[in-house]
Amino acid sequence: MSVDVAHIRPARPKDAPALASAYEDAWRGAYQGIIPHLSLERMLARRSLRWWQQSLHKRAPLLVLDFRGEAAGYVTFGRCRMSRTAYQGEIFELYLHPTYQGLGLGTKLFDGARLRLGEMRVKGLLVWALADNEAACGFYLRLGGKPIAEGAESFGDTTLRKIAFAWA
């Protein structure tokens, strides 16, 4: 008998504390040394517990990875923000608490978002990642993403290169 201790589900308001923690720890792990310290701290401060509480009441498309009853990560998704592209869907954010990284659970989140986008009859998918975030870029490449575009994002006085990965 198999017991699924990790599954994907819609976010609930009571997930706010766990998501705030997952967000902060995932961002520190992913972006320390890439995004300038002051800019990173400001971004983290904007996503306080209060922000998560308000956001979860808006019912935006947000799925969580539920691991034994605790929200261990999340994915947000919707229609692609880029105009003039063949890809209609976009994953805006996919973050997993560092404790749960490297176990295949990020793939579970990714697949959950793709499934929901498919249910919305959205064809094709795009995800942006900072080029210096080797873990994220490697993750999307392993999932079959093809680099299709480059862009830049500014953090204070620093401009960082980002890459768009796509799936048909």
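## A walk through the rings and helices

At 26% relative accessibility, threonine 107 counts as partly exposed, and this residue makes a handy starting point for a tour of what is a predicted model. Threonine 107 is found in helix α4. Setting aside its neighbours within four places in sequence, threonine 107 is in contact with Phe139 and Leu143. Leucine 44 is 63 residues from threonine 107 along the chain, and the C-alpha atoms of the two are separated by 24 Å.

Let's stay with helix α4 for a moment and turn to its aromatic side. The rings of phenylalanine 110 and tyrosine 140 have centres 6.4 Å apart and planes at 50 degrees; because that angle is neither under 30 nor over 60 degrees, the pair counts as tilted. Phenylalanine 110 belongs to helix α4 (residues 105–119) and tyrosine 140 to helix α5 (residues 134–142), so this pair ties together parts that are 30 residues apart in sequence. Both rings are shielded: phenylalanine 110 has 2% relative accessibility and so counts as buried, while tyrosine 140, at 6%, counts as buried too.

Both of these residues also touch tryptophan 167. Beyond its neighbours within four places in sequence, tryptophan 167 is in contact with Tyr87, Phe110, Arg114, Gly124, Leu125, Val127, Tyr140, Leu143, Gly144 and Gly145. Tryptophan 167 lies in strand β7 (residues 158–167), and its relative accessibility of 5% is under the 20% cut-off, so the residue counts as buried. One of its contacts, leucine 143, is 24 residues away along the chain, and the C-alpha atoms of the two are separated by 9.1 Å.

How many aromatic pairs does a search of the whole structure find? There are 15 of them. Among these is the pair of tryptophan 27 and tyrosine 95, which is tilted, with 5.6 Å from centre to centre and 45 degrees between the planes. This pair links distant parts of the chain, since tryptophan 27 sits in helix α1 (residues 16–31) and tyrosine 95 in strand β4 (residues 89–96), 68 residues apart. Tryptophan 27 and tyrosine 95 are both buried. The two residues also belong to a cluster, in which ring pairs link Tyr23, Trp27, Tyr31, Trp51, Trp52, Tyr74 and Tyr95.

Some rings have a charge for company. Tryptophan 51, a member of that cluster, has the charged end of arginine 47 over its ring, 4.0 Å from the centre. Elsewhere, lysine 162 lies over the face of tryptophan 128, at 4.9 Å from the ring centre.

Helix α1 brings us to a helix packing. How do the axes of α1 and helix α2 (residues 37–46) cross? They come within 10 Å and cross at roughly 165 degrees. An angle over 145 degrees counts as roughly antiparallel, so α1 is roughly antiparallel to α2. The crossing of α1 past α2 is right-handed. On the α1 side, the contact is made by Tyr23, Glu24, Trp27, Arg28 and Tyr31; on the α2 side, by Leu40, Glu41, Met43 and Leu44. Tyr23, Trp27 and Tyr31 are thus familiar names from the aromatic cluster.

For a last stop, look at threonine 76 in strand β3 (residues 70–79). Is threonine 76 buried or exposed? Its relative accessibility is 14%, so threonine 76 counts as buried. Leaving out neighbours within four places in sequence, its contacts are Pro61, Leu62, Glu90, Ile91, Phe92 and Glu93.

Terms used
Residues are numbered from 1 along each chain as its sequence is written. This is a predicted model: local features need pLDDT of at least 70, side-chain atom pairs count only at pLDDT 80 or more; totals for chains, interfaces and linings use all residues. Side-chain values use heavy atoms; hydrogens and water are left out. Rings of Phe, Tyr and Trp (its six-membered ring) pair if their centres lie within 6.5 Å; planes under 30 degrees apart count as stacked, over 60 as edge-to-face and the rest as tilted. Helices (H or I, at least four residues) and strands (E, at least two) are DSSP runs, numbered from the N terminus. Buried means under 20% relative accessible area, exposed over 50%, partly exposed in between (1.4 Å probe, protein chains only). A charge sits over a ring if NZ of Lys or CZ of Arg is within 6 Å of the ring centre and within 35 degrees of the ring normal. Axes are lines fitted to C-alpha atoms, for helices over the stretch in contact, and angles run from 0 to 180 degrees between N-to-C directions. Angles under 35 degrees count as roughly parallel, over 145 as roughly antiparallel, 65 to 115 as roughly perpendicular and the rest as oblique. A crossing is left-handed if the near helix is turned anticlockwise from the far one by less than a right angle, and right-handed if clockwise. Contact means heavy atoms within 4.5 Å.
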